[in-house]
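Here is a short note for a colleague who is opening this structure for the first time. It may help to keep the view open while reading the points in order.

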Amino acid sequence: MLGLPVDAIDFRSLIRAMDVAVEKRKPFLISTPNVNFLIKSQRNETFRASMLLSDLCLADGMPLIWIAKLLRIPIRERVAGADLFGRLKSRTDKRLRVFLFGGTGDLVATVGKKLNAEQCGLECVGALNPGFGSVEELSSPDIIAQINASGADLLAVFLNAEKAQAWLLLNHFSLTVPVRAQFGATINFEAGTIRRAPPLLRSTGFEWLWRIKEEPYLWRRYWADGKALLQLLCACVLPLAIATRLPLQRAVFAIQVGHHDKRVTLSLSGNATSEQVDSLLPVVRQAAKESRAVNIDLSDLHQLDSRFFGVLMGIRTHLAREGLPLTITGVSPRLRRIFQLNRFEFLLSDG
């Protein structure tokens with residue numbers, strides 16, 4: 001959605017996925033895009049990359065839900081980081097060990113003591129406020145070693161969005177804590193230094209007004225993000241919303257597979273829409289097993305939808321983890337325009 005992968009997932013499935021990652025002790029990065037994330041991702045390639053390489057991206061903002069409805073994308077539930085933290089706390093069947101990283105002053109230490117005193121679903125096994133500094137300075141061997149030595153299941157990061165995502169991306173392979181996520185202002189809510197908006201305001205999309213009341217300096221960010229969002233709505237969302245309501249020309253989706261020495265070419269034809277595009281995945285997985293790069297030829301493609309872009313992102317991420325490139329060729333001016341409206345034109349320069 002508008003250049004970002006957003007997972008259509010509910011809290012139950014999310015927590016189940018986290019438990020599986022904890023059991024396997026494998027890196028599992030969760031990103032929580034909201035409007036601020038969406039706007040930053042349009043301007044900062046590194047920031048966008050942190051979400052493209054995430055294992056799950058949650059819709060942490062009501063405007064994203066509204067955009068999804070306009071574009072007929074099946075994302076209907078807001079899955080906010082603060083709500084996730086609360087649900088993990090309230091669990092009685094399982095307890096996760098958490099390391100709290102970031103915040104200001106002694107907030108993480110205070111919240112850590114509070115969690116352990118409550119005997120809730122989160123046990124704090126470490127808390128560190130590294131102070132101010134660059135992403136590199138906050139990634140020193142001593143800091144990473146302290147986090148890893150805690151034996152935590154969940155690393156909760158409380159830095160500003162850009163710094164948190166860059167830090168998580170930089171240290172992805174150095175950290176041994178399986179589940180990692182940026183929880184933003186959640187540390188303030190948990191410490192009680194800032195009150196969270198009432199549920200009615202959160203569900204109707206006016207949480208930003210409450211946040212400005214609690215933290216007046218935020219008005220500048222919300223003003224800038226609001227203007228940028230309005231531009232996106234006019235330039236991209238509305239044209240796409242109209243296009244999704246137009247009847248599709250009937251054209252059967254088909255894949256032709258061509259094998260070369262070190263590359264597989266997938267020539268697509270017809271309409272690449274929700275019902276068919278998953279059939280690409282087995283071919284790509286086999287190519288990755290054989291250490292072959294993948295080229296997707298769109299010369300004969302008529303139509304595509306948001307699910308097609310989701311599959312493309314999944315393919316790109318899967319190949320990248322194997323050190324293999326994805327290239328996209330045969331893009332007509334009309335299809336290029338669709339890539340641009342969906343904010344995925346950066347895919348066309350890959351490889």
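**Notes on helix packing, the sheet and some loop residues**

1. In this predicted model, the axes of helix α3 (residues 45-52) and helix α8 come within 9 Å and cross at roughly 60 degrees. The two helices α3 and α8 are therefore oblique to each other, and the crossing in which α3 passes α8 is left-handed. On the α3 side the contact is made by Thr46, Phe47, Ala49, Ser50 and Met51, which meet Ala161, Glu162, Gln165 and Leu169 in α8. Sorted by class, the residues of this contact of α3 with α8 are five nonpolar, three polar and one charged.

2. Another helix pair deserves a look alongside that one. Helix α2 (residues 35-43) and helix α12 (residues 219-244) have axes that come within 10 Å and cross at roughly 70 degrees, which makes α2 roughly perpendicular to α12. Here, too, the crossing is described by its hand, and α2 passes α12 in a left-handed crossing. From α2, the residues making the contact are Val35, Asn36, Leu38, Ile39, Gln42 and Arg43, while α12 contributes Arg221, Asp225, Ala228, Leu229 and Leu232. The residues of this contact of α2 with α12 divide into six nonpolar, two polar and three charged.

3. Turning to the sheet, six strands form an open arrangement in the order β2-β1-β6-β5-β3-β4, and the pairing is parallel. Strands β2 (56-57) and β4 (122-128) stand at the edges, each with a single partner strand, so one side of each is left without a neighbour in the sheet. At the β2 edge, strand β1 (residues 28-31) runs parallel to β2 and is joined to β2 by two bridges; for Ser31, the bridge partner in β2 is Cys57.

4. Which helix lies across β1, β2, β3, β5 and β6? That helix is α1 (residues 11-24), which lies across β1, β2, β3 (96-102), β5 (154-158) and β6 and runs at about 150 degrees to β1. The loop between α1 and β1 holds Arg25, a residue other than glycine whose phi is nevertheless positive, near 55 degrees. Arg25 counts as partly exposed because its relative accessibility is 36%.

5. A positive phi is also found at Gln119, again a residue other than glycine, with a value near 55 degrees. The position of Gln119 is in the loop between α6 (107-118) and β4, and β4 is one of the edge strands of the sheet. With a relative accessible area of 58%, Gln119 is exposed, whereas Arg25 counts as partly exposed.

6. Is His172, in the loop between α8 (161-170) and β6 (179-182), buried or exposed? At 15% relative accessibility, His172 counts as buried, because the cut-off for buried is under 20% relative accessible area. Leaving aside residues up to four places away in sequence, His172 touches Pro27, Leu29 and Arg180. Of these, Leu29 falls within β1 (residues 28-31), and Arg180 falls within β6 (179-182). The loop of His172 begins after α8, the helix that α3 passes in the left-handed crossing of the opening point.

Terms used: Residues are numbered from 1 along each chain as its sequence is written. This is a predicted model: local features need pLDDT of at least 70, side-chain atom pairs count only at pLDDT 80 or more; totals for chains, interfaces and linings use all residues. Side-chain values use heavy atoms; hydrogens and water are left out. Helices (H or I, at least four residues) and strands (E, at least two) are DSSP runs, numbered from the N terminus. Buried means under 20% relative accessible area, exposed over 50%, partly exposed in between (1.4 Å probe, protein chains only). Contact means heavy atoms within 4.5 Å. Axes are lines fitted to C-alpha atoms, for helices over the stretch in contact, and angles run from 0 to 180 degrees between N-to-C directions. Angles under 35 degrees count as roughly parallel, over 145 as roughly antiparallel, 65 to 115 as roughly perpendicular and the rest as oblique. A crossing is left-handed if the near helix is turned anticlockwise from the far one by less than a right angle, and right-handed if clockwise. Ala, Val, Leu, Ile, Met, Phe, Trp, Tyr, Cys and Pro count as nonpolar, Asp, Glu, Lys and Arg as charged, and the others, Gly among them, as polar. Two strands pair if DSSP finds at least two bridges between them.
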